[in-house]
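Here are my notes for a newcomer, set out as numbered points. Have the model open and turn it as you read.

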Amino acid sequence: MNKKQFFDLPEELREKEWWGFNWLEHLTAVPAPLVLVTGYKANGFANGTMQSWFCFSSEGDFYCIFGSVHKQSHMYEIAAKQKQMVINFPDKACIAKCMDTIANNGYDTDELSASGLHYRDGGKVKAPLVDECFLNLECETVWEKELFEGSNHVALCVRVVNVWMDEAHYADSQCGRYGETGYLYNVHAPLNPETGEESNTGYAVLKKIEM
Ligand SMILES: Cc1cc2nc3c(=O)[nH]c(=O)nc-3n(C[C@H](O)[C@H](O)[C@H](O)COP(=O)(O)O)c2cc1C
């Protein structure tokens, strides 16, 4: 291997627009699972927020920890006030509709219906569960913490209280969780730090390998 160290933004990339992201995100370009987080806004309209910075933890209960939730987002308001949400996992058949919730982000909009998605209330939480997504995790807020003092983002921990999963996806003999019909990952514009060449943001699926 011929490893190089990177800590300062290379001179030739100083003029580049990073849209609020740190350039190291594009250098590392670690794939992250894509989800649509749903809840009800204070006015009762359904909300949808695309998210891809999170991980899971289980000690006794099963938790999801979002690494970076913007304080100005509807999702943050819902997590802080209603404290109930659903994490919906899309496959490639419904990802375009899930992404449409970003364009349909009005406060007085049912963002899910406006994006052509269907939903029902969760079994244990009052939050919309998206029918088109093959896995839905009903969650309750546990804690939040600013990323750093004065940050615009919080890390948010939620506890999973109920799970809905399509049987064709948990049965490996049917379509299973991975491959073309399974979990989708966000690949965020990978960057070559020496040439400045950046490839497009895209979706990825997982191929399981035998060890
Ligand atoms: C792939 C992808 C990942 C995203 N991840 C995050 C995230 O981790 N944190 C965040 O605050 N916004 C994230 N966003 C942006 C929000 O989805 C977007 O700002 C959304 O409109 C906020 O919706 P809301 O105001 O209804 O919560 C992401 C968007 C995309 C397309």
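1. Start with β2 and β6, which run antiparallel and are joined by three bridges. Leu36 is the residue to click on here, as it stands opposite Asn88 in β6. Please keep in mind that you are looking at a predicted model.

2. On its other pairing, β6 is joined to strand β9 (residues 135-146) by six bridges, and these two also run antiparallel. Look for Gln84 here: its bridge partner in β9 is Glu140.

3. How many of the six residues of strand β6 (residues 84-89) are buried? Six of the six are, so the strand is mostly covered. The cover is found on both faces: Gln84, Val86 and Asn88 are buried on one side, and Met85, Ile87 and Phe89 on the other.

4. Next, follow the chain through strand β4 (residues 54-59) into β5. These two pair in the antiparallel sense over six bridges, and Phe54 has Phe66 in β5 as its bridge partner. Together β4 and β5 make a hairpin with one residue between them. That turn holds Gly60, which has a positive phi of about 75°.

5. β5 has a further pairing, with strand β10 (residues 153-165), antiparallel and again over six bridges. A handy marker for this pairing is Tyr63, which stands opposite Arg159 in β10.

6. Now for the ligand. Which residues are closest to it? They are Thr49, His70, Ser73, His74 and Met75, out of 16 residues that surround the ligand. The elements giving two or more residues to this shell are β3 (46-51), β5 (61-70) and α2 (74-81). β3 provides the largest share, with four residues. Sorted by class, the shell has six nonpolar and ten polar residues, and no charged ones.

7. Helix α3 (residues 95-103) is worth a slow turn on the screen. Its Lys97, Cys98 and Thr101 are buried. Why do these residues lie on the same side of α3? The reason is that they cover an arc of only 105° around the axis. As background, an α-helix has 3.6 residues a turn, so residues three or four places apart point the same way.

8. Stay with α3 and look at the face turned away from its buried side: there you will find the exposed residues Ala96, Ile102 and Ala103. Over the buried residues of α3, the cover includes β2 (35-40), β3 and α4 (111-114). In this way β3 turns up twice in the tour, once in the shell around the ligand and once in the cover of α3.

9. There is also an open sheet of three strands, in the order β1-β11-β12, with antiparallel pairing. β1 (32-33) and β12 (202-204) stand at the edges with a single partner strand each, so one side of each is left without a neighbour in the sheet. Two bridges make up the antiparallel pairing of β1 with strand β11 (residues 185-187), where Ala32 stands opposite Asn186 in β11.

10. Where does Tyr183 sit? It is found in the loop between α5 (167-170) and β11. Tyr183 counts as partly exposed because it has 19 C-beta neighbours inside 10 Å, and a residue needs 20 or more to be called buried. Leaving aside residues up to four places away in sequence, Tyr183 touches Pro33, Phe89, Arg177, Tyr178 and Leu206. Of these, Phe89 is one of the buried residues of β6. Tyr183 and Lys92 are 91 residues apart along the chain, yet their C-alpha atoms are separated by 8.4 Å.

11. Finally, zoom out to the protein chain as a whole. Its secondary structure comes to five helices and twelve strands, and the C-alpha trace spans about 50 × 45 × 35 Å along its principal axes. The radius of gyration is 18 Å, which agrees with the value near 17 Å that a compact globule of 211 residues would have. Buried residues make up 27% of the 211. Among contacts between residues at least 6 apart in sequence, 59% join residues at least 24 apart.

Conventions. Residues numbered from 1 in each chain as written. Predicted model: local features only at pLDDT ≥ 70, side-chain atom pairs only at ≥ 80, totals over all residues. Near = placed C-beta within 6 Å. Nonpolar A, V, L, I, M, F, W, Y, C, P; charged D, E, K, R; others polar. Buried ≥ 20, exposed ≤ 12 C-beta atoms within 10 Å, placed from the backbone. Arc of directions from axis to C-beta. Contact = placed C-beta atoms within 7 Å. Rg over C-alpha atoms; globule rule 2.2 N^0.38 Å. Pairing = 2+ DSSP bridges.
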